[in-house]
Amino acid sequence: MLDQTQIDAIAEELVQADRDRTILPKLTSRYPDMVIEDSYAIQKVWSDRRIAAGARLVGHKIGLTSKVMQLATGISEPDYGVIHDDMVIESGSVLEFDRFSNVRIEVELAFVLDKPLSGPGVTIFDVLDATAYVVPALEVLNSHLELEGRTIVDTISDNAAMGAMVLGGRPVKVDEVDLSWVPALLYRNETIEDSGVAGAVLGHPAMGVAWLANKLAQHGQTLEAGEIILAGSFTKPMWVERGDTIHADYNELGSVTCRFV
């Protein structure tokens with residue numbers, strides 16, 4: 001495991017990489033004895049430094065909850081990251097391409113809580129009871145570490161590659177639709193690049209939120225009322241280039257759109 005000096009130094013490297021839009025060597029190539037707990041400690045220091053600089057914690061993201069995402073990354077277990085207020089973007093927005101590194105898009109559902117969720121022992125039924133509404137969302141991935149050969153230790157340290165989330169479409173109560181069968185068609189520049197259904201996330205997207213609440217309990221943390229929880233992608237990450245227009249059609253839940261310049 002790493003000592004606190006090493007954890008602080010890595011967190012500062014990642015803060016600087018985000019500021020400078022640079023790519024760092026994998027952490028595991030430099031610190032081969034790193035473990036997952038080190039990674040979450042780095043992520044927390046990184047988040048705390050952004051909050052001290054004016055950012056506000058508004059939610060969490062869950063990653064690698066679907067088989068398609070695990071196959072795409074070679075990582076076989078879920079992870080999580082934090083969402084700050086400057087990462088939340090409205091549908092129809094124009095995004096600065098150079099704000100992100102290794103830019104990719106994922107299709108997800110976001111759960112907005114009106115009750116706190118505190119593990120251990122949180123179930124899918126607790127999540128559904130605590131959810132104010134669910135809304136379509138695109139996640140913009142932002143990776144500051146080289147991708148080739150990375151492990152979950154690298155990914156978690158880099159805030160699970162969370163860059164931004166684009167919210168849109170039609171918010172729904174959890175009993176209005178069968179959330180497992182919410183579909184999405186993902187377009188890039190008017191061409192369908194991918195598709196999926198939300199049940200690809202652990203059988204039901206709310207299962208990802210339950211996993212998160214129980215995982216956070218191990219770190220003495222709770223999901224608070226008002227938080228936005230990105231439940232995990234049900235399409236593989238799609239690479240984005242400058243000038244691309246992204247559109248995700250969620251059928252009866254509406255659509256989410258953004259453009260990169």
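Colleague: In which sense do β5 and β10 pair, and over how many bridges?
Modeller: β5 and β10 pair in the antiparallel sense, over three bridges. Ala 110 stands opposite Leu 230 in β10. Two strands count as paired if DSSP finds at least two bridges between them. Strands (E, at least two residues) and helices (H or I, at least four) are DSSP runs, numbered from the N terminus. This is a predicted model, where local features need pLDDT of at least 70 and side-chain atom pairs count only at pLDDT 80 or more, while totals for chains, interfaces and linings use all residues. Residues are numbered from 1 along each chain as its sequence is written, and side-chain values use heavy atoms, with hydrogens and water left out.

Colleague: Over how many bridges does β5 pair with β6?
Modeller: Ten bridges, and that pairing is antiparallel. Ala 110 has Val 135 as its bridge partner in β6. β5 is also joined to β11 by two bridges, again antiparallel. Arg 104 has Trp 239 as its bridge partner there.

Colleague: What else goes on between Arg 104 and Trp 239?
Modeller: The charged end of Arg 104 sits over the ring of Trp 239, 5.2 Å from the ring centre. The rule asks for NZ of Lys or CZ of Arg within 6 Å of the ring centre and within 35 degrees of the ring normal.

Colleague: How many of the ten residues of β5 are buried?
Modeller: Ten of ten. Buried means under 20% relative accessible area, exposed over 50%, and partly exposed in between (1.4 Å probe, protein chains only). Side chains in a regular strand alternate between the two faces of the sheet. In β5 one side holds Arg 104, Glu 106, Glu 108, Ala 110 and Val 112, the other holds Ile 105, Val 107, Leu 109, Phe 111 and Leu 113, and all of these are buried.

Colleague: Which helix elements and strands do the buried residues of α7 pack against?
Modeller: They pack against α3, β1, β2, β5, α5 and β10, where a contact means heavy atoms within 4.5 Å. The buried residues of α7 (205-217) include Pro 205, Val 209, Leu 212 and Leu 216.

Colleague: Staying with α3, is Ile 51 buried, partly exposed or exposed?
Modeller: Ile 51 counts as partly exposed because its relative accessibility is 33%. Ile 51 touches Leu 57 and His 84, leaving out residues up to four places away in sequence. Ile 51 and His 84 are 33 residues apart in sequence, but their C-alpha atoms are 8.1 Å apart in space.

Colleague: Changing topic: how many aromatic pairs are there?
Modeller: Rings of Phe, Tyr and Trp (its six-membered ring) pair if their centres lie within 6.5 Å; planes under 30 degrees apart are stacked, over 60 edge-to-face, and the rest tilted. By this rule the count comes to three. One of them is Phe 97 with Phe 260, edge-to-face, at 6.5 Å centre to centre and 85° between the planes.

Colleague: Why does that pair tie together parts far along the sequence, 163 residues apart?
Modeller: Phe 97 lies in the loop between β4 and β5 and Phe 260 in strand β13, so the pair ties together parts that are 163 residues apart in sequence. Phe 97 is buried at 15% relative accessibility, and Phe 260 is buried at 0%. Phe 234 and Tyr 250 form another edge-to-face pair, 6.5 Å centre to centre and 85° between the planes. Phe 234 is in the loop between β10 and β11 and Tyr 250 in the loop between β12 and β13, so this pair ties together parts that are 16 residues apart in sequence.

Colleague: Where is Ser 180 found?
Modeller: In the loop between β7 (162-167) and β8 (183-188). Ser 180 counts as buried, at 13% relative accessibility. Among the residues Ser 180 touches are Val 197, Gly 203 and Pro 205.

Colleague: Which strands is β8 joined to?
Modeller: β8 is joined to β9 (residues 191-197) by six bridges and to β12 (residues 245-249) by four, and both pairings are antiparallel. Leu 186 stands opposite Asp 194 in β9, and Leu 185 stands opposite Asp 249 in β12.
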